[in-house]
Amino acid sequence: VQLQASGGGLVEAGESLRLSCAASGRIANINVMGWYRQAPGKQRELVADIYSGGSVNYADSVKGRFTISRDNAKNTVYLQMNSLKPEDTAVYYCNADIRVYFSANSKTYWGQGTQVTVSS
């Protein structure tokens, strides 16, 4: 199983970016998919996650500005980031809880990070 993230970049404050993360491999089921971020000198933190049934969670700092969504047919999760602030600058990582075929248990997988830089 692999998670491939894309969509990071350098933007100015107030602008938008959309991150994508596609899971591939012998995937039987994906329960939760999410985005985390890690700024320099800080711990990795949850930004948002979304369950297969559609329920979502957001960090307080991004509520009202970020929207997480997923396409179950494509095993892909998206993060629409609007009204970006300099404090959103971080490496963003996607994450998914995946059960592969012929396995009874799921496992957490991480994608490679994608840099988001917001200038003031």
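**Reasoning from values to names**

Me: Why does arginine 37 count as buried?
Reply: In this predicted model, arginine 37 has a relative accessibility of 7%, and the word buried is used for values under 20%. Since 7% falls under that cut-off, arginine 37 counts as buried. Its place is in strand β4.

Me: What makes the link between the side chains of arginine 37 and glutamate 45 a polar contact?
Reply: The two side chains are joined at 2.8 Å, and a polar contact requires a suitable pair of N or O atoms within 3.5 Å, so the distance meets the cut-off. The side chain of arginine 37 also makes a polar contact with the side chain of aspartate 88, at 3.0 Å, which again is within 3.5 Å. Apart from its neighbours within four places in sequence, arginine 37 is in contact with residues including Val47, Phe66, Ala90 and Tyr92.

Me: How do you know that cysteine 21 and cysteine 94 form a disulfide?
Reply: Their sulfur atoms are 2.1 Å apart, and a pair of cysteine sulfur atoms within 2.5 Å is taken as a disulfide, so the pair qualifies. A search of the whole structure finds 1 disulfide. With 50 degrees about the S-S bond, the link of cysteine 21 and cysteine 94 is right-handed.

Me: Which parts of the chain does the pair of cysteine 21 and cysteine 94 tie together?
Reply: Cysteine 21 lies in strand β3 (residues 17-24) and cysteine 94 in strand β9 (residues 90-100), so the pair ties together parts that are 73 residues apart in sequence.

Me: Are cysteine 21 and cysteine 94 buried or exposed?
Reply: Cysteine 21 has a relative accessible area of 1%, while cysteine 94 has a relative accessibility of 0%. Both values are under 20%, and therefore cysteine 21 and cysteine 94 are each called buried.

Me: What makes a group of residues a nonpolar core, and how many residues has the largest one?
Reply: Its members must be buried residues of certain nonpolar kinds, joined through side-chain atoms within 4.5 Å. The largest such core here has 31 residues, and those with the most contacts inside it are Trp35, Leu79, Met81 and Tyr92. Among the elements that give two or more residues to this core are β1 (2-6), β4 (27-38) and β8 (76-81), and β9 gives the most, with 5 residues. In soluble globular proteins, nonpolar side chains tend to be buried together.

Me: Why do β1 and β7 stand at the edges of their sheet?
Reply: The sheet is open, with 4 strands in the order β1-β3-β8-β7 and antiparallel pairing. β1 and β7 each have a single partner strand, so one side of each is left without a neighbour in the sheet. The twist averages 15 degrees from one strand to the next.

Me: How do you know that β7 and β8 pair?
Reply: Two strands pair if at least two bridges are found between them, and 6 bridges join β7 to β8, which run antiparallel. Threonine 67, for instance, stands opposite glutamine 80 in β8. By the same test, β9 and β11 pair, because 3 bridges join them, and tyrosine 92 stands opposite threonine 114 in β11.

Me: Which side chains of β11 are buried?
Reply: Thr114, Val116 and Val118 point to one face and are buried, whereas Gln115, Thr117 and Ser119 point to the other face and are not. In a regular strand the side chains alternate between the two faces of the sheet.

Key. Residues are numbered from 1 along each chain as its sequence is written. This is a predicted model: local features need pLDDT of at least 70, side-chain atom pairs count only at pLDDT 80 or more; totals for chains, interfaces and linings use all residues. Side-chain values use heavy atoms; hydrogens and water are left out. Buried means under 20% relative accessible area, exposed over 50%, partly exposed in between (1.4 Å probe, protein chains only). Axes are lines fitted to C-alpha atoms, for helices over the stretch in contact, and angles run from 0 to 180 degrees between N-to-C directions. A polar contact is a pair of N or O atoms within 3.5 Å; within protein, one must be able to donate a hydrogen and the other to accept it, and residues adjacent in sequence count only if both atoms are side-chain atoms. Contact means heavy atoms within 4.5 Å.
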